[in-house]
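Q: Pick one helix of this model and walk me through its surroundings, starting from a charged contact. I'd like the cut-offs spelled out as you go.

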Amino acid sequence: QFPYSSLSGPSSSHHPNPIATWIPAPITILSPSSQPPLTMPSEVIVSPQPLNANPTSTPVQVPSPNTNQPHHSHQPSLTSSTNSTPSPQIPTSPPNPPDPHPLPTHSMTTRAKNHIHKPITKMNLLTQLSKSNDLEPTTVSTALKDPKWHKAMSDECDALVIRNGTWELVPPDSTQNVVGCKWVFRIKRNSDGSIDRFKARLVAKGFHQRPGVDYLDTFSPVVKPTTVRVVLSLAVSRGWSLRQLDVNNAFLQGHLSEHVHMQQPPGFVDQDHPSYVCKLRKAIYGLKQAPRAWYHELRTFLLYSGFKNSHADTSLFVLHIAGHRMYILVYVDDLIITGDNTKMIDSFVDVLANRFSIKDLGQLSYFLGVEVVPNQHGILLSQRRYILDILARTHMTDAKPVLTPIPTSPPLLKSGSALPDPTEYRTVVGSLQYLLITRPDLAFAVNKLSQYMHTPTTDHWSFVKRLLRYLCGTINEGLQIHRQSPLNLHAYSDADWAGDKNDFSSTSAYVTYLGSNPLNWLCYLLTDLGVQLPCCPVIYCDNVGATQLCSNPVFHSRMKHVAVDFHFIRNQVQNGVLRVAHVSSADQLADALTKPLHRVRFLDLKFKIGLRSRAPS
């Protein structure tokens with residue numbers, strides 16, 4: 001139907017139908033009478049036939065957008081008839097510039113009537129992305145021809161040579177192991193999809209390095225997920241702020257102790273010494289020892305500033321000064337800082353910025369691939385983006401959801417024909433392992449699937465797809481960190497005796513809580529954090545015999561195969577460091593981590609463990 005065809009006026013019934021095409025810009029259609037013109041929207045679907053089927057009816061004249069100008073012979077016209085298809089003519093040169101924004105005459109309030117002429121960003125985003133897909137060059141020669149990429153490469157070389165003094169040129173030697181290098185081009189975008197900047201990074205080809213020649217040890221400073229959950233739990237329960245920092249060009253900060261030689265950057269070879277090679281003074285991205293060199297640089301600075309390195313996690317640094325505490329978590333070049341004194345944190349961030357080039361990202365929102373979502377109960381740790389990526393890669397986004405990750409029957413056995421190419425199975429299961437940071441409900445299923453990585457079969461792949469269907473229905477679920485949580489440590493321990501149908505091996509599992517927040521076993525970590533528990537930790541076990549043995553001073557000979565572990569636990573209990581208590585099987589939370597469960601039982605334990613759903617975005 002023609003838009004606004006019900007407008008008042010004697011000739012409104014004679015308005016022609018829209019024309020069967022997409023009209024790229026606003027046009028004004030005059031009715032056969034002398035009524036004011038109607039402005040059509042920019043996209044209209046129309047019919048080739050006018051309302052008046054008379055072949056001799058008046059043609060529809062389409063004037064220029066400036067309706068105040070008289071009609072000229074070069075204006076486009078659309079003639080509707082039963083014998084021919086309308087063919088619009090494009091004007092060559094209108095005598096007067098048209099009004100770029102003609103106002104509509106209808107009663108509806110539009111963007112044009114409000115004098116809003118800026119394009120809608122979300123309408124143009126798809127076009128922007130499709131047009132810019134080819135902006136990242138694939139060769140150095142292509143990048144050098146583009147001024148913006150040439151500038152990005154020049155800025156990178158200036159940062160390496162002039163500001164950081166990363167290398168010096170030396171004559172080549174036959175004893176040198178010269179490492180290659182390459183350019184990596186990336187477009188950095190804003191959250192709305194627009195281009196933020198063009199980034200060119202020089203990366204060394206570390207696979208050319210030889211152990212014992214140009215590198216010795218490698219180490220990547222990655223904080224343990226348990227440490228992150230503990231620190232977040234303490235910060236949320238105590239009302240501390242969580243601040244996130246990003247270190248710019250972190251790997252370029254570390255000094256090298258080995259002799260490393262690299263080729264000159266492609267496209268930026270010294271014209272006076274084209275055969276010379278770069279002797280690296282500092283680390284560069286791609287070198288095997290670059291993460292270790294950066295960690296050593298940061299650790300030296302933090303220790304000099306008064307921090308102590310945790311023995312339980314080398315990526316945790318703790319500061320106790322003047323009755324105040326501050327914790328720093330290090331994940332490569334991302335830092336989380338929290339503490340009980342905001343001014344002290346601000347002062348330290350300024351000191352840190354004087355030593356390293358950092359970007360203050362404000363309050364913690366995304367770390368370790370985990371989204372930190374505030375809610376009324378505290379914060380929710382969610383890996384929603386990560387799950388969506390897995391489902392998209394496996395083409396399971398629109399799969400039918402199921403309520404449990406693994407069925408109770410048939411059991412997962414060594415059955416089925418071997419997969420011709422196990423790469424996809426190993427890739428997907430490996431990705432699922434990282435989900436256990438926030439999804440303990442997947443622990444048993446992922447553990448079982450990981451046992452068949454060497455020779456997966458078609459049956460095993462069916463179980464993987466079943467697990468992906470479970471993720472389809474639980475995308476928004478994550479681990480809840482409660483604000484109102486007491487500072488006591490307790491754990492649930494369970495074992496499924498001889499439950500594996502392949503070799504009748506047993507499966508054991510445990511869930512540890514700090515208050516009501518699920519964690520892992522962490523007494524040494526709490527000691528490093530300076531946290532004193534109000535009471536001794538408690539282990540809840542649903543096996544009466546195991547509970548009694550922990551407090552029974554008589555050691556039976558039939559228990560000699562567990563003598564070491566048994567004596568350790570019993571000594572802890574007798575010394576008052578640990579308490580073992582019995583819990584009914586119905587309240588054993590670790591039961592969900594040792595065996596497949598029916599739907600009602602699984603959903604009940606999943607909620608008790610601490611899984612919650614975030615509000616859909």
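A: Let's start with Arg355, which has 33% relative accessibility and so counts as partly exposed (buried is under 20% relative accessible area, exposed is over 50%, and partly exposed is in between, with a 1.4 Å probe and protein chains only). Before going on, keep in mind that this is a predicted model, where local features need pLDDT of at least 70 and side-chain atom pairs count only at pLDDT 80 or more, while totals for chains, interfaces and linings use all residues. Residues are numbered from 1 along each chain as its sequence is written, and side-chain values use heavy atoms, leaving out hydrogens and water.

Arg355 makes a salt bridge with Glu297, at 2.8 Å from N to O (a side-chain nitrogen of Lys or Arg within 4 Å of a carboxyl oxygen of Asp or Glu). Arg355 belongs to helix α6 and Glu297 to helix α5, so the pair ties together parts 58 residues apart in sequence. (Helices are DSSP runs of H or I with at least four residues, strands are runs of E with at least two, and both are numbered from the N terminus.) On the other side of the pair, Glu297 is buried, at 15% relative accessible area.

That brings us to α5 itself. The helix covers residues 290-304, 15 residues in total, and spans 21 Å from first to last C-alpha, close to the 21 Å expected at 1.5 Å a residue (the expected span being 1.5 Å times one less than the number of residues). Its buried residues are Ala290, Pro291, Ala293, Trp294, Tyr295, Glu297, Leu298, Phe301 and Leu302. As a reminder, an α-helix has 3.6 residues a turn, so residues three or four places apart point the same way. The cover over the buried residues of α5 includes strands β9, β12, β13, β14 and β15, along with helix α6. Just past the end of α5, Gly306 has a positive phi of about 105°.

Now for the strands. There's an open sheet of 6 strands in the order β12-β13-β14-β15-β9-β16, paired antiparallel (two strands pair if DSSP finds at least two bridges between them). β12 and β16 sit at the edges with a single partner strand each, so one side of each has no neighbour in the sheet. β12 and β13 pair in the antiparallel sense over 2 bridges, and Asn309 stands opposite Phe317 in β13. Helix α4 (residues 225-238) lies across β9, β13, β14 and β15, running at about 145° to β14 (axes are lines fitted to C-alpha atoms, for helices over the stretch in contact, with angles from 0 to 180 degrees between N-to-C directions; contact means heavy atoms within 4.5 Å).

One more charged pair sits ahead of α5: Arg281 and Glu168 form a salt bridge at 3.6 Å, N to O. Arg281 is in the loop between β11 and α5 and Glu168 is in strand β5, so this pair ties together parts 113 residues apart in sequence. Arg281 is partly exposed at 40% relative accessibility, and Glu168 is partly exposed too, at 31%. In total, the structure holds 18 salt bridges.
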